Amino acid sequence: MSIAAEKVREQLARYGLKMAASGLVAGPWGNISARVPKEELFVITPTGLPYGELAGKDMVVLNMQGEVVEGVHPPSSEYMLHQAIYRARPEVNAVMHTHSIYASALAVARKPVPPILEDLVQMVGGGVPVAPYARAGTPELARVAAETLGSLGAVLLANHGVVGVGRTLEEAFIVCQIVEKAACVYIWACLAGEAAALPPEEVKILRDHYLLSYGRHLLREAPFHRQGR
Ligand SMILES: [Zn+2]
């Protein structure tokens, strides 16, 4: 196994702990993956094991056909979801899937998060749509999730949870946190009255500012980031 793949495995173990500590998942649910730089591979968390007990050696390496290249455990049951996103989005280097509470509430109500907050539209590029329902761990879920995600940074999975993507693991992690916060704010805003969405031209200005300036520091934390992908 290459040094690059070993580094990504260690990073995933760290982000598994961060994801669990953040409260975005409970128990072994949710999953995280990241590409291996300059190789047609990605690394994903194993299925059904608690994040607090995972080390780099427990992570599973797959090729872009979804075949296990190296690993002592089976990969996350959602490996096809991650694979579909990497195949559709060359610039995405990391994918995080969580079952966070407020995002899941909207996923159950099958209501998208409108583009309501500055940090949301900066990180996601707009609101967060809801993919049609498909059973967890199926090729159908992978297909509808990647299709509904489109060029955005996050998608809700009906009656299930949320997927956030990023150019780095740190970015995908923050996307999941921001989406959860926005889902909470949206629900409270609806209770307080009416939630006002930002107009498309404002969303574009905020997103461009994030991509060109404000968000650049998130790329420095990722030695596996590939420029120009
Ligand atoms: Zn799930």
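Select Leu120 in this predicted model. Leaving out residues up to four places away in sequence, Leu120 touches Val113, Pro114, Pro115, Gly125, Gly126, Val128, Ile178, Val179 and Ala182. Keep Leu120 and Val179 highlighted. Both are among the residues that touch the most other members of the largest nonpolar core, together with Ile85, Val124 and Leu156. That core holds 45 residues. Now color helix α6, residues 169–192. Helix α6 supplies the largest share of the core, 7 residues. Another core, of 23 residues, lies apart from it. To find this other core, select Val25, Ile32, Val43 and Cys176, which are among its members. As background, nonpolar side chains in soluble globular proteins tend to be buried together.

**Helix α3**

Go to α3, residues 101–109. Which residues of α3 are buried? Pick Ala103, Ser104, Leu106 and Ala107. Look down the helix axis. The buried residues fall within an arc of 160°, so they line one face of α3. Rotate to the other side of α3, where Ile101 and Val108 are exposed. Then turn back and show what covers the buried residues: the cover includes β7 (154–157), β8 (161–166) and α6. Step past the end of the helix to Arg110. This residue follows α3 and has a positive phi, near 55°.

**The zinc site**

Select the zinc ion. Which residues coordinate it? The donors are His97, His99 and His160, each through NE2, at 2.0 to 2.1 Å. Their spacing in sequence is H-x1-H-x60-H. Compare the surroundings of two of these histidines. His97 is buried, with a relative accessible area of 1%. His99 is partly exposed, at 26%.

**Ser33 in strand β1**

Next, select Ser33, in strand β1 (residues 31–36). Ser33 is buried, and its relative accessible area is 0%. Show its contacts, again skipping residues up to four places away in sequence. Ser33 touches Leu12, Phe42, Val43, Ile44, His82, Tyr86, Asn93, Ala94, Val95 and Leu169. Zoom in on the side chains of Ser33 and Tyr86, which are joined by a polar contact of 2.6 Å. For a sense of scale, draw a C-alpha to C-alpha line from Ser33 to Ala189. The two residues are 33 Å apart in space and 156 residues apart in sequence.

**Asn63 in strand β3**

Move to strand β3, residues 60–63, and select Asn63. Is Asn63 buried or exposed? At 14% relative accessibility, Asn63 counts as buried, because the cut-off for that label is under 20%. Check its side chain next. A polar atom there lies 3.0 Å from the backbone nitrogen of Gln65. Beyond neighbours within four places in sequence, Asn63 is in contact with Glu40, Leu41, Phe42 and Val69. Phe42 should already be familiar, since Ser33 touches Phe42 too.

**Two loop residues with positive phi**

Most residues other than glycine have a negative phi. Two loop residues are worth a stop here. Select Lys38, in the loop between β1 and β2 (41–44). Its phi is positive, near 65°. Lys38 counts as exposed, at 76% relative accessibility. Now jump to the loop between β7 and β8 and select Asn159. Asn159 is not a glycine, yet its phi is positive, about 55°. Asn159 is partly exposed, with a relative accessible area of 38%.

**Glu147 in helix α5**

Select Glu147, in helix α5 (residues 139–149). Glu147 counts as exposed, at 54% relative accessibility. Extend a C-alpha to C-alpha line from Glu147 to Leu54. The span is 31 Å in space and 93 residues in sequence.

**Last stop: the cysteines**

How many disulfides does the structure hold? The number is 0. Select Cys184 and Cys190 to see this. Cys184 is in no disulfide, and the nearest cysteine sulfur, that of Cys190, is 12 Å away. Cys190 is in no disulfide either; the cysteine sulfur nearest to it is that of Cys184. Cys190 counts as partly exposed, at 38% relative accessibility.

Notes: Residues are numbered from 1 along each chain as its sequence is written. This is a predicted model: local features need pLDDT of at least 70, side-chain atom pairs count only at pLDDT 80 or more; totals for chains, interfaces and linings use all residues. Side-chain values use heavy atoms; hydrogens and water are left out. Donors are N, O and S atoms within 2.8 Å of the metal (3.2 Å for Na, K and Ca); water is not among the atoms, so sites may look incomplete. Buried means under 20% relative accessible area, exposed over 50%, partly exposed in between (1.4 Å probe, protein chains only). Helices (H or I, at least four residues) and strands (E, at least two) are DSSP runs, numbered from the N terminus. Contact means heavy atoms within 4.5 Å. A polar contact is a pair of N or O atoms within 3.5 Å; within protein, one must be able to donate a hydrogen and the other to accept it, and residues adjacent in sequence count only if both atoms are side-chain atoms. A nonpolar core is a set of buried Ala, Val, Leu, Ile, Met, Phe, Trp, Tyr and Cys residues joined through side-chain atoms within 4.5 Å. A disulfide is a pair of cysteine sulfur atoms within 2.5 Å. The arc is that of the directions from the helix axis to the C-beta atoms.
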